Amino acid sequence: MRDIISQLNPAFDHRNRLGIMAILAVNDWVEYNTLKNLLELTDGNLASHLRALEQAEYMLVRKEFVGRKPRTTYTATDAGKVAFQLHLNALEAMVQLGRDE
């Protein structure tokens with residue numbers, strides 16, 4: 001069990017970061033407001049979790065203008081997708097271990 005727990009990635013310990021990565025893992029680029037609405041987060045809360053994932057180099061941010069309106073979108077990096085999948089694998093192993101007991 002200790003070996004499985006050591007495989008959990010602390011970057012995904014918080015449910016909001018787990019939710020962000022779950023959405024980014026299955027989409028190419030996701031707009032800020034889409035993440036905010038899907039996860040029901042405040043601007044400040046979402047921004048802090050996005051910053052943490054960006055600092056870990058698990059996601060990229062793209063800022064652009066559509067007409068005169070700014071648009072910010074996010075995507076998971078390859079490293080982020082791999083790290084997230086390894087985290088999910090460890091969670092699944094823990095669930096399986098619980099079933100086997």
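**Note on the predicted chain: fold, sheet and surface**

1. Read from the N terminus, the chain runs α-α-β-α-α-β-β-α. That amounts to five helices and three strands, where helices (H or I, at least four residues) and strands (E, at least two) are DSSP runs numbered from the N terminus.

2. The basis of the values should be stated at the outset. The model is predicted, so that local features need pLDDT of at least 70 and side-chain atom pairs count only at pLDDT 80 or more, while totals for chains, interfaces and linings use all residues. Residues are numbered from 1 along each chain as its sequence is written, and side-chain values use heavy atoms, with hydrogens and water left out.

3. The three strands form an open sheet in the order β1-β3-β2, with antiparallel pairing. Its edge strands are β1 and β2, each of which pairs on one side only. Pairing here requires that DSSP find at least two bridges between two strands.

4. Strand β1 (residues 30-31) meets strand β3 (residues 69-76) in the antiparallel sense over two bridges. One residue to inspect is V30, whose bridge partner in β3 is Y74. Y74 is also the bridge partner of V61.

5. Strand β2 (residues 59-66) pairs with β3 over eight bridges, again in the antiparallel sense. Within β3, T72 is the bridge partner of K63. The hairpin of β2 and β3 has two residues between the strands, and G67 takes a positive phi near 65° there.

6. Which share of the contacts with a separation of 6 or more joins residues 24 or more positions apart? The figure for the chain is 58%, a contact being heavy atoms within 4.5 Å.

7. The C-alpha trace spans about 60 × 25 × 20 Å along its principal axes. Of the 101 residues, 32% count as buried, that is, under 20% relative accessible area with a 1.4 Å probe and protein chains only.

8. The exposed area of the chain is about 6800 Å², of which carbon and sulfur atoms supply 50%; accessible areas come from the Shrake-Rupley method with a 1.4 Å probe.

9. On charge, the chain carries 12 positive and 13 negative side chains, and the centres of the two sets are 10 Å apart. Lys and Arg count as positive and Asp and Glu as negative, without His and the chain ends; each charge is placed at NZ of Lys, CZ of Arg, CG of Asp or CD of Glu.

Definitions and conventions. Buried means under 20% relative accessible area, exposed over 50%, partly exposed in between (1.4 Å probe, protein chains only).
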